[in-house]
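User: Please take a close look at the cysteines of this protein and explain how their sulfur atoms stand with respect to disulfide bonding. A short account of the surrounding helices would also be welcome.

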Amino acid sequence: MRALGRTRLAKSVHDAGWSSFVAMLEYKARLYGREFHRIGRFTPTSQTCSACGVKDGPKPLHVRAWRCQGCGVWLDRDINAAVNVPKAAGLAVTACRAQVRPPSGMAQRGEAGTHPKSHREVT
């Protein structure tokens with residue numbers, strides 16, 4: 001794979017690798033009863049204001065915070081994108097200008113370990 005990644009077919013090789021990774025994620029989510037959502041590759045999550053929905057347009061990567069032209073709110077690029085990703089997937093967002101994190105909870109029994117028996121039980 002590494003050698004193929006250096007040839008003129010590198011883009012195809014890397015695209016196939018990403019596709020396999022996404023397919024595995026989707027399979028694992030289904031296996032453990034989780035939801036898996038995709039959003040479009042070109043969805044402007046860091047360019048759209050999470051407060052009013054106005055699209056402000058592309059910005060260079062060195063611009064980490066920007067002011068919305070519609071409502072005047074200052075937005076951090078990464079936090080704004082984290083709030084917009086669930087919106088783009090059609091999910092409700094309850095983040096109050098903070099990092100979006102899943103609610104904490106216990107892992108399901110099947111997810112808790114990698115082996116059917118713990119290392120203490122095996123003698």
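Analyst: The cysteines are treated below, followed by the helices. The model is a predicted one, and the statements that follow apply to that model.

A disulfide is a covalent bond between the sulfur atoms of two cysteines. The structure holds 0 disulfides. Cys-49 takes part in no disulfide, and its nearest cysteine sulfur, that of Cys-68, lies 3.6 Å away. For Cys-68, the closest cysteine sulfur is in Cys-52, at 3.5 Å, which is too far for a bond, because a disulfide requires a pair of cysteine sulfur atoms within 2.5 Å. As for exposure, Cys-49 counts as buried because its relative accessibility is 2%. Cys-68 is likewise buried, with a relative accessible area of 3%; the cut-off for buried is under 20%.

Turning to the helices, α2 covers residues 77–88. Its 12 residues should span 16 Å at 1.5 Å a residue, and the end C-alpha atoms are 16 Å apart, so the two values agree. Arg-77, Asn-80, Ala-81, Val-83, Asn-84 and Pro-86 are the buried residues of α2. These buried residues pack against β1 (65–67) and β2 (74–76).

Helix α1, residues 10–31, contains Phe-21. Phe-21 counts as partly exposed because its relative accessibility is 40%. Together with Trp-18 and Leu-25, Phe-21 makes a nonpolar surface patch of about 340 Å².

How values were computed. Residues are numbered from 1 along each chain as its sequence is written. This is a predicted model: local features need pLDDT of at least 70, side-chain atom pairs count only at pLDDT 80 or more; totals for chains, interfaces and linings use all residues. Side-chain values use heavy atoms; hydrogens and water are left out. Patches are made of residues with over 30% relative accessible area and no salt bridge: like charges are joined within 9 Å, nonpolar side chains (Val, Leu, Ile, Met, Phe, Trp, Tyr) within 5 Å. Accessible areas come from the Shrake-Rupley method with a 1.4 Å probe; for residues, only the protein chains shown count as cover. A salt bridge is a side-chain nitrogen of Lys or Arg within 4 Å of a carboxyl oxygen of Asp or Glu. Helices (H or I, at least four residues) and strands (E, at least two) are DSSP runs, numbered from the N terminus. Buried means under 20% relative accessible area, exposed over 50%, partly exposed in between (1.4 Å probe, protein chains only). The expected span of a helix is 1.5 Å times one less than its number of residues. Contact means heavy atoms within 4.5 Å.
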